[in-house]
Protein chains: 2
Amino acid sequence: MALAIGVDLGGTNARAAVVDADTGEIVAAHKEPLHDRAPTRVVGVVVHAVREATQAAGLDPGARGVVGVGVAGQCLGRSGVVLNAPNLGWRDVPFGELLRAALGLEVRVANDLTVAAWGEKRFGAAKGIEDVVLVFVGTGVGSGLILGGKPYDGAKGLAGEFGHVKVRPPRRETKVRRCGCGQDGCLEAYTSGVNVAARVREEIAAGAATGVLDLVDGDLTRVSATVVDDAFRAGDAYAIALWEEVGELLGTAMANLITLLNPERVILGGGVLLGSPELASIARRWLDRTVSRSATNGLTIEHAWLGDDAGVIGAAVLE
Amino acid sequence: MALAIGVDLGGTNARAAVVDADTGEIVAAHKEPLHDRAPTRVVGVVVHAVREATQAAGLDPGARGVVGVGVAGQCLGRSGVVLNAPNLGWRDVPFGELLRAALGLEVRVANDLTVAAWGEKRFGAAKGIEDVVLVFVGTGVGSGLILGGKPYDGAKGLAGEFGHVKVRPPRRETKVRRCGCGQDGCLEAYTSGVNVAARVREEIAAGAATGVLDLVDGDLTRVSATVVDDAFRAGDAYAIALWEEVGELLGTAMANLITLLNPERVILGGGVLLGSPELASIARRWLDRTVSRSATNGLTIEHAWLGDDAGVIGAAVLE
């Protein structure tokens, strides 16, 4: 059994796991919260999480090895300069080098969705497939690309910025939603869990009549994509109109991604896509309607298999 | 000097060239029209063009070697099954195998825009660059992708179908233009030379007031993107409105392509983009406005260098 070490570094936690590199199974894992996001503090937390996980797995912590890390941000090459990680508040942090020095092990770094797509390609929903797109619609929106059998990161580690394709022409619509990135009309501004919830709260505050309010017992902080999906199923007109709009944008954007990249498999992940079956089904209908027909030849669309483990598993076997 | 043989196979001509594989220079070339598009007839024409070009270059036609071919169509793998080539009327033609048998040489086949992008990457506007997108807007609209230093063809040879991304939501607009592919709202339906000219003719026939008619001396068959560009420059209101619409669609679609793939260089090619400077400049303005800002870090946009030679040059050095 060849063991490998993977780390999933998000904005609030670092999770390290020892993974069986032949099967993708997690042998031991350790998760630790980030109280302070200063790079040296985060490195300390990651080092500690790696030590805990390796100890739990009975691995010699001094053994030669490689640690793979998936970071929620823009990573330049495998060596791990993090150019931009909004959730960590990092810009141009030589994270890979800092971690290497602290651990005394070789470190490979990549974007978290690239790493998750790689995990699914090695051991999950896209095993053995060369051209894979992981579409993630959760708190944020993004994608991870495996092209020609390898993770594709782009020239500056930004490939797969699916959440920031523009789906609303800036000029044509009366009201175009602003994205967290500062630009207008991004897919994420219309379809991420955070943005859907914010919009519903806004529109309820502005007087929209919807059963969503009853479903959350009048507590607007509980509004989520899942609740909108429940309202849709209950026949709520507001939820139906909203999901038609969001599903059309998601489905058409996915169709364009498929038309451009001609993958063999698309994997759907993230809490919004997997937790809102009605929305997913509308998106799928729009995808089928707008995708270039020849690109569907041999294409299969599957749900992610590895869930939240995809990050540590993919990171452990990063090449 | 290492000589290599490349072929550019379009819908009306086959052009073969002997190329210096070290410099990309064309040593000798021969172009022949296709009178009959039956696969065995086309193979005969290609064989003849290759023989003429090699003879003119003083190459021993019996020498061991490889012939690369760019085909205007969907090519499955390098071995050269042409799944679909509308201009040739081909479906599932084992073109590579037929040509190999007829020539007695190894044959490598790829899509014409992929091959052109490869030519530009090896010897032209993207020399030495690993992540390159060639955007082509001419009679048709498409793109060629070089990702991680290699041509990227997709799972079924369809990657880069830029002309068939949907830029008009099927439901929201009162009138969505139909594309030659049979679907509605494709970028090509709005921006290709053929479709722009057809639309202008339609709208003039329906009574649109425009100076375009004077510029072609009332001869509607002479309407082209270049003429619309001239009318724009002369201040024609119809041309200005049309170019604003077409430029916005082109620029936003290019921005989305860049946001998704994070290339280091984008190459602009094709008669419409290169022959209509006013349109190109509007498209560029929309690109700048809608592209994900971080994706522009280190990005350069250049005109193609190799023009119509990119196909034979790229084919000759296809890997």
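**How the two chains meet, and what lies within them**

Let me start with the interface: 100% of the interface residues of chain B are also interface residues in chain A, so the two copies meet through the same surface, where contact means heavy atoms within 4.5 Å. This is a predicted model, in which local features need pLDDT of at least 70 and side-chain atom pairs count only at pLDDT 80 or more, while totals for chains, interfaces and linings use all residues. Residues are numbered from 1 along each chain as its sequence is written, chains are lettered from A and ligands numbered from 1 in the order in which they are written, and side-chain values use heavy atoms, with hydrogens and water left out.

How is chain B brought onto chain A? A rotation of 180°, with 0.0 Å of shift along its axis, superposes chain B on chain A with an RMSD of 0.0 Å, the fit being by least squares on the C-alpha atoms of residues with pLDDT of at least 70 in both copies. That is the relation of a two-fold axis.

A residue that touches both chains is His164(B), which sits in the loop between strand 11 (150-151) and helix 4 (187-191) of chain B; helices (H or I, at least four residues) and strands (E, at least two) are DSSP runs, numbered from the N terminus. Leaving aside residues up to four places away in sequence, His164(B) touches Thr259(A) and Ser292(A), along with Cys179(B), Cys181(B), Cys186(B) and Glu188(B). With a relative accessibility of 10%, His164(B) counts as buried, where buried means under 20% relative accessible area, exposed means over 50%, and partly exposed lies in between, using a 1.4 Å probe and protein chains only.

Those cysteines bring me to the next point: how many disulfides does the structure hold? There are 0 over all chains, taking a disulfide as a pair of cysteine sulfur atoms within 2.5 Å. The sulfur of Cys179(B) is 3.9 Å from its closest cysteine sulfur, in Cys181(B), which is too far for a bond, and Cys179(B) is buried at 6% relative accessibility. For Cys75(B), the closest cysteine sulfur is again in Cys181(B), but at 18 Å, also too far for a bond; Cys75(B) is buried as well, at 3%.

Now to charged pairs. Side chains of opposite charge can pair when their charged atoms come close. A search of the whole structure finds 34 salt bridges over all chains, each being a side-chain nitrogen of Lys or Arg within 4 Å of a carboxyl oxygen of Asp or Glu. In chain A, Arg41(A) pairs with Asp36(A), the closest N and O atoms being 3.8 Å apart; Arg41(A) is exposed at 53%, and Asp36(A) is partly exposed at 32%. In chain B, Arg41(B) pairs with Asp36(B) at 3.7 Å, with Arg41(B) exposed at 51% and Asp36(B) partly exposed at 32%.

Another salt bridge joins Glu202(B) to Arg177(B), with the closest N and O atoms 3.1 Å apart. Glu202(B) lies in helix 5 (residues 193-205) and Arg177(B) in the loop between strand 11 and helix 4 of chain B, so this pair ties together parts that are 25 residues apart in sequence. Glu202(B) is partly exposed at 40%, whereas Arg177(B) is buried at 12%. Back in chain A, salt bridges link Arg168(A), Arg199(A), Glu203(A) and Glu245(A) in a network.

Let me turn to helix 7 of chain B (residues 225-233), whose buried residues are Ala225(B), Val227(B), Val228(B), Asp229(B), Ala231(B) and Phe232(B). What do these buried residues pack against? Their partners in chain B are helix 5, helix 6 (212-215), helix 8 (237-261), helix 9 (271-275) and helix 10 (277-290). Just after helix 7, Gly235(B) takes a positive phi of about 85°.

Positive phi also appears in residues that are not glycine. Asp217(B), in the loop between helix 6 and helix 7 of chain B, has a phi near 50° and is exposed at 63% relative accessibility. Asp92(B), for its part, lies in strand 7 (residues 90-93) of chain B, has a phi of about 55°, and is exposed at 54%.
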